[in-house]
Amino acid sequence: MKRIILMMLRNILILPVYWIKLCYYASHIDKYTDEYINKFLKKIVKSANKGGNVEIISSGAENIPEENGFIFYPNHQGMYDMLAIIDACDKPVSAVAKIEVSKVQGLKQVMACLKGYYMDRDDVRQSMKVIMDVTKEVKEGRNYIIFAEGTRSKKGNQLLDFKGGSFKAATKAKCPIIPVAMLDSFKPFDTGTIDPVKVQVHFLEPLLYEEYKDMNTNEIAKEVKSRIEEAIKKYEEK
């Protein structure tokens, strides 16, 4: 909370303009291209990072497919994760988030701008509809972020188990799966410090359909988790 306040205070002059535009775009999203909205969101995130003493370090942009219609699968550390990926990725992405995010001011407007979906984990029918909708949109060329842990780990850079069901949209769409290793993305919003922090976002080599077509979703989940854990160990040691 302290860092969010710092971000707001240091952007106090431009904040009302950003907020009005964010709310307007969220309510009139069909009037604008994904590329236009992506540039606007990146501008907000970069201003917030500068004001909040947050530096994004990223790598692996060459692993992001040239053609659209893929899904990022990052480890989930906190509310800042999605903002870090928006900052690090130049391609427009949408997202699937737990339904509780719909009650968080700021994040729910960002989700609206991303044309994202909320998933109610207690409602199987609603969850399946989200999976089918995401599958259809990925086939049509939209890119998505899905957090396979289902909830933030609250264990720093340690991962929770990845849920096999999270990969159903990818297997149905037969799309590239891009593991994303997040390091220290819990620090901006989930710690009480306002000291400078560095958040790492590493886009790993994609897992193509030809590689995973004979695997079940639980096997895919274990493979993606393993790749992210290896990357975290590698970059933590640097």
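**Close-up views of helix α6 and the sheet**

**View 1. The neighbours that cover helix α6.** In this predicted model, the cover over the buried residues of α6 includes the strands β2 (71-74), β3 (94-98), β4 (117-119) and β5 (144-146), along with helix α7 (168-173). The residues of α6 that are buried are S127, V130, I131, V134, T135, E137 and V138. As a reminder for newcomers, an α-helix has 3.6 residues a turn, so residues three or four places apart point the same way.

**View 2. Helix α6 from end to end.** Helix α6 takes in 16 residues, 124-139. At 1.5 Å a residue the helix should span 22 Å, and its end C-alpha atoms are 23 Å apart, which agrees. At the N-terminal end, D123 acts as a cap for α6, with a side-chain oxygen 3.2 Å from the backbone nitrogen of R125. Just after the helix comes G141, which takes a positive phi of about 110°.

**View 3. The open sheet.** Follow the 7 strands across and you meet them in the order β1-β7-β6-β2-β5-β3-β4, with mixed pairing. The edges belong to β1 (54-59) and β4; each has a single partner strand, so one side of each is left without a neighbour in the sheet. From one strand to the next, the twist averages 25°.

**View 4. Strands β3 and β5, and a helix on the sheet.** Here β3 and β5 pair in the parallel sense over 3 bridges. Look for S94, whose bridge partner in β5 is Y144. Helix α10 (residues 217-236) packs on the sheet and touches β1, β2, β6 (177-183) and β7 (197-203). The direction of α10 makes about 40° with that of β6.

Note on methods. Residues numbered from 1 in each chain as written. Predicted model: local features only at pLDDT ≥ 70, side-chain atom pairs only at ≥ 80, totals over all residues. Heavy atoms only, no water. Helix = DSSP H or I, 4+ residues; strand = E, 2+ residues; numbered from the N terminus. Expected span 1.5 Å × (residues − 1). Buried < 20%, exposed > 50% of the residue type's maximum accessible area, 1.4 Å probe, protein only. Contact = heavy atoms within 4.5 Å. Polar contact = N/O pair within 3.5 Å; in protein donor to acceptor, adjacent residues only side chain to side chain. Pairing = 2+ DSSP bridges. Axes fitted to C-alpha atoms, helices over the stretch in contact; angles between N-to-C directions.
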